[in-house]
Amino acid sequence: MKGNFLFKFLLALVLLLILVPAGQILLWSVAERWPWPGLLPESYSLRTVKELLFGSAKLPGLLGSSITLALTVGVLGTVVGLLTARATQLYDFPGKELVSFGAFLPLLVPGTVFAMGIQITLIRLGLSDTVAGVVLVHLIAAIPYCITILTDVTRAVGSSLEQQAMVLGASPLRAFLHGSLPSLMPGILSSVSMGFILSYSQYFTTLMAGGGRVKTLALVLVPYIQSGDRALASIYCVAFVGSALLVFFLFEGILHTVSERSRGK
Amino acid sequence: MKLEIENLKVSYDADVVLPGLSLTVQEGEFLSLLGPSGCGKSTLLKAIAGILPPSGGCIRLGGVDITWQSVHKRGTVVVFQDVRLFPHMTVLDNVAFPLKMQGVDKKSRRLAAAAYLDRVQMGGFSHRLPGELSGGQQQRVALARALAAKPRLLLLDEPFSALDENLREDMRTLVTQLHREYAMTTILVTHDREEALSMSGRVAMMFGGRIHQVDTPQRVYHQPATRQTADYFGDCIYLPGRVEAGVFRSGSLALEVPVSDGDFDLLLRPDQLEIGTGPCSFRVEGCSFRGRDTLVTFRDEQGNLWKKPFPGTPAWAPGQTLPGFIRVSCPVLFPRLSQEKD
């Protein structure tokens, strides 16, 4: 009884801590004047919405490129993460410990330091100021998280169902697809989401690797926050969070459909 | 199909599990691999199925060397102890899975799967998910799925040990029936003595990665080749004695045996004890009623304990001494152990 109350209290607290600032941002985004100490804005306008949709930033294009970039990072990070997780969890090979440790190295180096350092490598490779360069840099930031998520899932799922599929005549690829993949799916989705959100919210690394030529929503958003136009910054935040949530909902929908279909219903 | 294993070696890292094992299973035979846990019987099964790579030796199935063939091309189907049904597929799709892998079209494979499900009395469960079935039902589905794969060799890895006693009996009967019906070469891995003796045509006794004896259940039980085999069936009593000029003597006992002279132990089992008349005397140590019978413990003149079940409730009290004798029809002798060690 007591534990239940504590749980509900904490849940309410967490919701409050998320919903109040979110609501505030929503209000700010359409506020024209909000002088102190008014609890609500004095007047509202759709100036920011107009600016967002038809202004200099060209939202649709920006959203399109940001989401494509982040999805690419999410998917590639998950592929690398899954291969690494399977290698370390299901196989034995010399240097396995080193691979496991190496996978977490990017977490130890601060992003800014890393972005400065890798700039030189990117220039040398001819990848500076290109989308490929940005994807690469985002990937390095995302992969440790993808690996962590997928290592746990891979360990939990194991290879027993794959073995069973193989003795029943499935080739290794089909055994993976029919045996392990369905059980891995929630983990894979978490990993893609993680990679997506990490890439979606990168600012400094995008700026350094993309040289300002690769435009993302986060890249446009940050200067607005710094410029002091709170209403405009808020509407960009709404667009940022809203688009990310929309993508997550789509993921969930796809996963649901796929799992229903694989059940043959 | 006939399976021939020659000098098979398997090791995990530095740990040698099978130091070099040879075994032949005839076409259509039902062979049990019986041994304590950790003796390498499951490892042998996995090596046959190709799940574990051997470090040496040769496996031939139907005369063809399959030692290095990929798992999915061998046609060696395993039913594991932990069932391993695909949790996201219906029962029907699980059974149809091997047929799908063989490229059978959807309609025919569903029909075939339904027939196999009927055969294991699971016809009414086609559209359930494995998670909605009991342990026994899941194992039946796993069996149907293995049969649907039309295995060249069926490998059963302790498939009944997770089931309770009554279900286990049902499953044993079902597997025996199915084996008779499909005449499929089958290897059953088990540590359960009764299971191995009652189900198989031959039993291979395995200890420490080596096969000690491969023979009919009767001969494995009555004529064990090694002490370990004898001990595995429990309650052995060894009567020390000496063989001179082809006669084994121990106390008042004298038996003609076809072995050369030396110190030997005679293997005796409690079921050879006959109470009633005879030259020996046995003291009743205790009686424990078990429902269908009463287990009576006797102590003989040498101090050995004999535990034998008697029907009903015998009217013997602990401390009572009864006459009796030990029936020896075909004596089994083992060279004296202590002599080898000293």
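1. Axes here are lines fitted to C-alpha atoms, for helices over the stretch in contact, and angles run from 0 to 180 degrees between N-to-C directions. On that basis, in this predicted model, α7(A) and α8(A) pack at an angle of about 140° with axes 8 Å apart. The crossing of α7(A) past α8(A) is right-handed.

2. The residues joining these two helices can be listed. From α7(A), Leu161(A), Glu162(A), Gln164(A), Ala165(A) and Met166(A) take part; they meet Pro172(A), Arg174(A), Ala175(A), Phe176(A), His178(A), Gly179(A), Ser180(A) and Ser183(A) of α8(A). Sorted by class, this contact comprises six nonpolar, five polar and two charged residues.

3. The association of the two chains involves 18 residues of chain A, in contact with 21 residues of chain B. On the chain A side, α7 (160–167) and α8 (172–200) each provide at least two of the residues that touch chain B. The largest share, six residues, belongs to α7(A). The class composition of this side of chain A is six nonpolar, ten polar and two charged residues.

4. A further helix pair in chain A deserves mention. Helix α3 (residues 59–90) and helix α4 (residues 96–108) of chain A cross at roughly 145°, and their axes come within 10 Å. The crossing of α3(A) and α4(A) is left-handed.

5. In this second pair, Thr84(A), Ala87(A) and Thr88(A) of α3(A) meet Lys96(A), Val99(A), Ser100(A) and Ala103(A) of α4(A). The contact of α3(A) with α4(A) contains three nonpolar, three polar and one charged residues.

Notes. Residues are numbered from 1 along each chain as its sequence is written. Chains are lettered from A and ligands numbered from 1 in the order in which they are written. This is a predicted model: local features need pLDDT of at least 70, side-chain atom pairs count only at pLDDT 80 or more; totals for chains, interfaces and linings use all residues. Two residues are in contact if their C-beta atoms, placed from the backbone, lie within 7 Å. Helices (H or I, at least four residues) and strands (E, at least two) are DSSP runs, numbered from the N terminus. Ala, Val, Leu, Ile, Met, Phe, Trp, Tyr, Cys and Pro count as nonpolar, Asp, Glu, Lys and Arg as charged, and the others, Gly among them, as polar. A crossing is left-handed if the near helix is turned anticlockwise from the far one by less than a right angle, and right-handed if clockwise.
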